[in-house]
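Please open the structure in your viewer and keep the selection tool at hand. The tour below moves from one selection to the next.

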Amino acid sequence: MQRKAVRQRRRVLPGIAMLTALMAGTAGLTGCTSGGGAGSDTDSKAGDSSPAPAPAGKYRILPAPCKAVDVKRIKAMLPGGDSLTDAQRAQLYAGVADTSYDGDRHVGCRWTAQSPDETRLLSVGFERVVSYDRTLMSDDDKARQVYVRRLTDAHLPFPGPTTSPTASTGSSAPPAPGSAPPAAGQSPSAGASANPSAPPPELGSRVLEGLGTEAYIEDKLSAAGASAAQARTVRIVFRTSNVIVTVEYVVQPALPGTVPSSPETQDKARQLAQALVERFNE
């Protein structure tokens with residue numbers, strides 16, 4: 001009986017040892033698997049983190065458009081106020097604000113001056129561009145998209161290496177419609193000085209440099225007969241950060257055959273645009 005009990009204990013002990021070793025190995029395997037899973041969860045969470053959004057645009061609000069233009073500049077661009085009463089003059093220089101349903105995004109103002117000789121219209125518009133998903137595009141980049149779309153609509157070349165000197169800088173203005181090209185070795189200005197009765201040169205539409213972040217100018221004459229007065233419309237569009245500014249200046253003479261000067265009209269519009277750039281940079 002004792003020998004039989006000993007043999008049974010010998011058979012049981014190896015089995016218990018094997019079972020214990022098997023359980024220990026399984027526990028170790030489970031621990032390794034659990035540890036790897038925790039690391040995977042951590043790496044997964046780190047990989048799923050969204051990129052930081054682009055910074056918001058420089059401008060969060062827009063200035064009051066009717067007060068953004070200096071009264072002295074309005075007087076220079078809209079002469080004839082001296083013949084008005086004090087109340088009429090104050091109303092003229094105060095301007096009329098455009099209807100706006102979101103004053104933080106789009107505002108404008110316009111002025112109108114009439115005299116026996118001509119009618120002049122002036123307007124300014126401010127648009128603050130906002131990117132609704134700044135993880136994909138910043139406010140500035142969105143504003144540049146809007147500006148480029150307007151530049152394309154104006155049929156002007158995109159500024160870059162392929163842009164011609166005439167379009168990019170305006171250093172060589174295109175000749176006026178119907179005018180003969182200058183003779184060889186003669187500049188357009190020389191031809192104009194040789195013939196004082198010749199009409200002033202047409203500066204034309206082109207991309208501008210040194211005005212805001214980027215800018216262009218449109219210069220158009222209304223389609224009218226030679227015996228009728230022609231209105232000249234000069235429009236300047238420039239971008240400063242995430243705001244796009246539009247300046248429009250129209251001169252409509254009353255006398256038939258009168259054509260407003262391109263250099264003078266453009267110069268006044270550009271001076272106003274430059275003043276607005278400085279206004280935004282204050």
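**A tour by selection**

Begin with Pro263, a residue that lies in helix α8. The model is predicted. Is Pro263 buried, partly exposed or exposed? Its relative accessibility is 28%, and it therefore counts as partly exposed, since buried means under 20% and exposed over 50%. Add Gly204 to the selection: the two residues are 59 residues apart in sequence, yet their C-alpha atoms are 9.3 Å apart in space.

Next, select the largest nonpolar core, which has 35 residues. Ile236, Val247 and Leu276 have the most contacts inside this core. Helix α8 (residues 262–281) provides its largest share, six residues. Apart from this core lies another, of 11 residues, including Ala143, Val146, Leu156 and Tyr216.

Now centre the view on Ile236. Beyond its neighbours within four places in sequence, Ile236 is in contact with ten residues' worth of surroundings to explore, among them Leu208, Tyr216, Val245, Val247 and Ala273.

Move on to helix α5, residues 139–153. What span should its 15 residues have? At 1.5 Å a residue the expected span is 21 Å, and the end C-alpha atoms are 21 Å apart, which agrees. Colour the buried residues of α5: Asp139, Ala143, Val146, Tyr147 and Leu151. These residues lie on the same side of α5, because they cover an arc of only 140° around the axis. An α-helix has 3.6 residues a turn, so residues three or four places apart point the same way. Strands β4 (206–208), β5 (214–221), β6 (232–240) and β7 (243–253) are included in what covers the buried residues of α5.

Finally, select His155, just after α5, where phi is positive, at about 60°.

Notes: Residues are numbered from 1 along each chain as its sequence is written. This is a predicted model: local features need pLDDT of at least 70, side-chain atom pairs count only at pLDDT 80 or more; totals for chains, interfaces and linings use all residues. Side-chain values use heavy atoms; hydrogens and water are left out. Helices (H or I, at least four residues) and strands (E, at least two) are DSSP runs, numbered from the N terminus. The expected span of a helix is 1.5 Å times one less than its number of residues. Buried means under 20% relative accessible area, exposed over 50%, partly exposed in between (1.4 Å probe, protein chains only). The arc is that of the directions from the helix axis to the C-beta atoms. Contact means heavy atoms within 4.5 Å. A nonpolar core is a set of buried Ala, Val, Leu, Ile, Met, Phe, Trp, Tyr and Cys residues joined through side-chain atoms within 4.5 Å.
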